Amino acid sequence: MKKILLISLLICGLGHIEVKAQSLESLLKKAVEGAVKQIEEQSTATNAATETSTAVEQHFPSAQELAGVWSYAAPTTEYKGDDPLAALALGGLHGHLNGFCDKIGLVPGRDKITFNTRGTIHVALAGHTADGTYQYNPATGALHITVPVEKTHATFKGKVAHTSEALTLLFEADEALRVMETTSSKLAQNSNVKNIGELISQFPGIFVGCKLTR
């Protein structure tokens with residue numbers, strides 16, 4: 001079976017988490033350590049929260065607006081909690097995501113996600129492809145994507161929002177990682193993945209994903 005692109009569903013939907021988990025774990029630890037240092041220096045989370053928020057006016061796309069081919073543009077993050085440490089850590093992580101996505105092979109403009117009108121999805125990211133299904137609620141922006149993982153299927157619960165410039169696709173990081181571990185025996189046995197999960201679980205409300213353009 002083709003490898004499912006599993007760290008980009010934390011970053012964009014699908015990627016190589018078993019290959020790059022150690023480097024992502026290092027980034028997360030550095031981000032948290034940097035946040036602790038800032039708090040000790042009596043910094044506030046205002047700048048970090050602003051840096052990762054989506055201040056541009058958004059709306060939930062209709063099913064017709066969602067359908068079609070979207071090109072990967074950039075990774076993005078969002079924090080819905082109230083922990084200043086998490087906000088600062090996410091702000092620190094956000095600045096390193098472009099470089100990390102480059103390392104796992106995500107290429108803006110080349111990589112695509114296609115939402116077909118009949119509820120099927122085709123993903124071509126980081127040199128790999130996957131076909132699955134999706135369910136979308138235009139009233140809430142809730143998007144559930146189901147893709148094959150090893151001998152079963154995994155469903156990732158995300159959300160989308162649309163601006164005049166891009167479509168933002170986000171997944172709750174802790175939940176998405178738990179789905180990955182549950183459905184993939186390789187990930188369940190990967191110590192780096194476990195460490196990432198333990199770290200992320202300390203900060204509920206962290207969303208990661210990507211921006212997509214036509």
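Where is Ala126 found? In this predicted model, Ala126 sits in the loop between β3 and β4 (128–137). Ala126 is worth a look on screen, since its phi is positive, about 55°, although it is not a glycine. For background, most residues other than glycine have a negative phi. Ala126 also counts as buried, because its relative accessibility is 14% and the cut-off for buried is under 20%.

## The overall build

Stepping back from that loop, the protein has nine helices and eight strands. Eight strands close into a barrel, in the order β1-β2-β3-β4-β5-β6-β7-β8, with antiparallel pairing. From one strand to the next, the twist averages 35°. As a reminder, strands of a sheet pair through backbone hydrogen bonds, either parallel or antiparallel.

Some totals help to set the scene. The protein has 214 residues, and buried residues make up 49% of them. Its accessible surface comes to about 10,300 Å², and carbon and sulfur atoms hold 51% of that area. Among the contacts with a separation of 6 or more, 66% are between residues 24 or more positions apart.

## Strands β2 and β3

One pairing to trace by eye is that of strand β2 (residues 112–115) with strand β3 (residues 120–125): the two run antiparallel and are joined by four bridges. Within this pairing, Lys112 stands opposite Ala124 in β3.

Thr114 also has its place in strand β2. Is Thr114 buried or exposed? Thr114 is buried, because its relative accessible area is 15%, and the limit for that class is under 20%. Leaving aside neighbours within four places in sequence, Thr114 is in contact with Thr120, Ile121 and His122, and also with Gly68 and Val69.

## The nonpolar core and helix α7

In soluble globular proteins, nonpolar side chains tend to be buried together. Here, the largest nonpolar core has 41 residues. Which of its members touch the most other members? They are Phe115, Tyr134, Leu143, Phe156, Leu169 and Leu212. Helix α7 gives the most to this core, with five residues.

Tyr134 makes a good starting point for exploring the core. Not counting residues up to four places away in sequence, Tyr134 touches Leu66, Phe115, Asn116, Thr117, Gly119, Thr120 and Ile121, together with Leu143, His144 and Ile145.

Helix α7 (residues 173–183) lies across four strands: β5 (142–149), β6 (152–162), β7 (167–172) and β8 (206–213). Relative to β6, the helix runs at about 160°.

Another helix, α8 (residues 185–188), contains Ser185. Ser185 counts as partly exposed, because its relative accessibility is 38%. Ser185 and Val149 are 36 residues apart in sequence, and their C-alpha atoms are 9.6 Å apart in space.

## Salt bridges

How many salt bridges does the count come to? The count comes to four, and the table shows three of the pairs by name.

| Salt bridge | Closest N to O distance |
|---|---|
| Glu78 and Lys80 | 3.0 Å |
| Lys159 and Glu78 | 3.1 Å |
| Asp174 and Arg178 | 3.6 Å |

Glu78, Lys80 and Lys159 are linked in a network of salt bridges. The members of this network differ in how they are covered. Glu78 is buried, because its relative accessible area is 10%. The pair of Lys159 and Glu78 links distant parts of the chain: Lys159 is in strand β6, Glu78 is in strand β1 (residues 68–79), and 81 residues separate them. Lys159 is partly exposed, because its relative accessible area is 24%. Lys80 is exposed, because its relative accessible area is 53%, and exposed here means over 50%.

The pair of Asp174 and Arg178 belongs to helix α7. Why are Asp174 and Arg178 separated by about one helical turn? The reason is that they are four residues apart in helix α7. Asp174 is buried, because its relative accessible area is 16%, whereas Arg178 is partly exposed, because its relative accessible area is 45%.

How values were computed: Residues numbered from 1 in each chain as written. Predicted model: local features only at pLDDT ≥ 70, side-chain atom pairs only at ≥ 80, totals over all residues. Heavy atoms only, no water. Pairing = 2+ DSSP bridges. Axes fitted to C-alpha atoms, helices over the stretch in contact; angles between N-to-C directions. Contact = heavy atoms within 4.5 Å. Core = buried A, V, L, I, M, F, W, Y, C linked by side-chain atoms within 4.5 Å. Buried < 20%, exposed > 50% of the residue type's maximum accessible area, 1.4 Å probe, protein only. Salt bridge = Lys/Arg side-chain N within 4 Å of Asp/Glu carboxyl O. Areas by Shrake-Rupley, 256 points an atom, 1.4 Å probe, with all protein chains shown as cover.
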